[in-house]
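Visitor: Could you walk me through this model, please?

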Amino acid sequence: MTIAQKPALARASALCFGGLLAGAFGYGAVNVLYAFRKVPLDVRFTFHTALMSVNGLVMQSLMGLTILSCLVLAFRTTGRDRLLAGTAAALAVSSFLITRLGNIPINQHIKVWAVSSPPADYAEILARWEAFHFARTTCALLAFLLIVTLTLAPAKRALP
């Protein structure tokens with residue numbers, strides 16, 4: 001059996017990183033986002049700015065590791081498994097692009113609002129940030145579910 005036929009480490013990496021990414025975005029969507037809505041705007045903007053300064057490196061690294069591990073898994077598998085891993089990688093790339101092109105530019109505006117005042121249309125901008133966040137969370141969750149499916153499939157096929 002060649003190394004290309006032993007994707008266990010690639011499978012475990014994709015499962016781990018994909019799960020961490022989906023979990024982190026999911027936690028943000030379920031807990032942090034709704035907490036943001038409950039506090040005064042100045043608190044929200046200050047905390048949002050602080051959180052994003054920490055999250056920037058962590059989340060982008062996690063997205064990169066998810067993409068890389070899914071791509072490695074796609075190259076180390078064949079057939080349906082390759083399709084699932086490749087689709088998971090594409091969804092992780094989508095999550096990254098949504099973040100870079102959608103959330104991060106709005107984060108830059110929020111950083112300014114934390115030390116000044118928000119524009120009149122701030123609620124629409126925050127709603128757009130939330131829509132981007134739900135979109136990237138959905139992409140990450142779907143990527144994780146594909147890797148879970150791919151991981152459980154060999155065990156299912158091995159059953160009598």
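**Surface and core**

Guide: Gladly! Val93, Leu97 and Leu101 form a nonpolar surface patch with about 280 Å² of accessible area together (Shrake-Rupley method, 1.4 Å probe, only the protein chains shown as cover). Patch residues have over 30% relative accessible area and no salt bridge, meaning no Lys or Arg side-chain nitrogen within 4 Å of an Asp or Glu carboxyl oxygen; nonpolar side chains are joined within 5 Å. This is a predicted model, where local features need pLDDT of at least 70 and side-chain atom pairs pLDDT 80 or more, while totals for chains, interfaces and linings use all residues. Residues are numbered from 1 along each chain, and side-chain values use heavy atoms, without hydrogens and water.

Visitor: What is the relative accessible area of Val93?

Guide: Val93 sits in helix α3 (helices are DSSP runs of H or I, at least four residues). Buried means under 20%, exposed over 50%, and partly exposed in between. Val93 is partly exposed because its relative accessible area is 33%.

Visitor: Which element gives the largest share of the largest nonpolar core?

Guide: Such a core joins buried Ala, Val, Leu, Ile, Met, Phe, Trp, Tyr and Cys residues through side-chain atoms within 4.5 Å. Here it has 16 residues, and Cys70, Leu73, Ala88 and Ile147 touch the most other members. Two or more residues each come from α1, α2, α3 and α4. The largest share, six residues, is from α3.

Visitor: How far apart are the end C-alpha atoms of residues 12-36?

Guide: An unreviewed UniProt entry lists residues 12-36 among its "transmembrane region" spans. That stretch is 100% helix and 0% strand, and its end C-alpha atoms are separated by 34 Å.

Technical notes. Buried < 20%, exposed > 50% of the residue type's maximum accessible area, 1.4 Å probe, protein only. UniProt positions renumbered as here; feature names shortened; annotations may be inferred. Patch = residues over 30% accessible without salt bridge, like charges linked within 9 Å, V, L, I, M, F, W, Y side chains within 5 Å.
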